[in-house]
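Student: Got a minute to walk through this one with me? I'd like to start with how the strands are put together.
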Amino acid sequence: MNGKTWGGSRILLVEPDSLIRRTVVGVVRTLGFVDIREASTYESAEKLLQAFSFGGLVVALANNGDGTALIESLRVGGTRCPADCGVAVIVGSCDAQRAIDLQALQVRRIVLKPFKVKTLLETVAQLAA
Amino acid sequence: MIPAPMPADEADRLQSLRQLLILDTPPEERFDKIVEFAAAEFDVPIALLSFVDENRQWFKARVGLEVCETSRDISFCGHAVASGELLMVEDALLDERFADNPLVVGEPHVRFYAGAPLQLSDGTVAGTLCLIDTHPRRIDRIDVAILETLRDLILAEIQGQGAAE
């Protein structure tokens, strides 16, 4: 797998909720507007980011902040992805401080739960554009 | 009202349906979760996982409907099962198949219906995942893709291919 690159329009979705993840991935693949890969845990996402290049990342962050390390690793060039690649996050809540913290990580979009699948599809399409 | 036609493979269909051993079983969270998700995603008051038995449609999972079954001859799902394709009725009052259907002129006053057929691996259609609204509406190709993906998740569960998470 070393050296393989999926290119700029490939998106990685990191979402522990299998119903949301499988629905989004299924619809994206049906419509075929972007190549999407999925991870159900941060550990498996980390492995994918170490092995492949993605053009965008959508990651569901835990309320305790778990998942943020993925974005930090990406921004310091610790993955095979471009350090400036587009990132969107899914969060259960977002206060002012968290928004500032995410802004510092150059997060392009914050998707608040609960959300529509269509909202996440738009986010994926924007990152892939 | 035009009752749903019988599928040509009705005997095989009923046999396959019964082999699923799902009729008249208790509610299950794995199906309830998908149907509740569908109702929320589409903002519809009613969403159903419906299996079309010989003389009835029976709901394995349901949102917004108290009854657990209705007669097959007045069912919208029977039409989707007979065609084997997604059935979309934007306004039941304007559709001769359903305009004077008791489910349209009476409770629950169906106006909009979208049903994705549950086609089993042997090709027979066991039922549908369907959305119902009491107002006319349209859904676009992305909505259809979402509904069909949720239907596929149900099929995977029914046929033992669901994700082990």
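Tutor: Sure. Two strands pair if DSSP finds at least two bridges between them. Strands (E, at least two residues) and helices (H or I, at least four) are DSSP runs, numbered from the N terminus.

Student: And what am I looking at, source-wise?
Tutor: This is a predicted model, where local features need pLDDT of at least 70 and side-chain atom pairs count only at pLDDT 80 or more, while totals for chains, interfaces and linings use all residues. Residues are numbered from 1 along each chain as its sequence is written, chains are lettered from A and ligands numbered from 1 in the order in which they are written, and side-chain values use heavy atoms, with hydrogens and water left out.

Student: OK, how many bridges link β1(B) and β2(B)?
Tutor: Six, in the antiparallel sense, with β2(B) covering residues 56-63. The two form a hairpin with three residues between them.

Student: What does β1(B) have on its β6(B) side?
Tutor: Six bridges to β6(B), residues 125-133, again antiparallel. B:Ala47 has B:Leu131 as its bridge partner there, and in β2(B) its partner is B:Val63.

Student: What's the strand order in the whole sheet?
Tutor: β3-β2-β1-β6-β5-β4 of chain B, an open sheet of six strands with antiparallel pairing. β3 (69-71) and β4 (87-89) of chain B are at the edges with a single partner strand each, so one side of each has no neighbour in the sheet. The twist averages 25° from one strand to the next, with axes being lines fitted to C-alpha atoms (for helices over the stretch in contact) and angles running from 0 to 180 degrees between N-to-C directions.

Student: Is β1(B) buried or exposed?
Tutor: Buried, meaning under 20% relative accessible area with a 1.4 Å probe, protein chains only (exposed is over 50%, partly exposed in between). Seven of the seven residues in β1(B), 46-52, are buried, so the strand is largely enclosed by the rest of the structure.

Student: Which residues sit on which face?
Tutor: B:Ile46, B:Leu48, B:Ser50 and B:Val52 are on one side, and B:Ala47, B:Leu49 and B:Phe51 on the other. In a regular strand the side chains alternate between the two faces of the sheet.

Student: Switching to helices, which strands does α5(B) lie across?
Tutor: α5(B), residues 141-158, lies across β1, β4, β5 (112-119) and β6 of chain B, at about 40° to β5(B).

Student: And what do the buried residues of α2(B) pack against?
Tutor: α1 (18-31) and α5 (117-128) of chain A, together with β1, β2, β6 and α5 of chain B; contact means heavy atoms within 4.5 Å. Among those buried residues are B:Phe31, B:Ile34 and B:Phe42.
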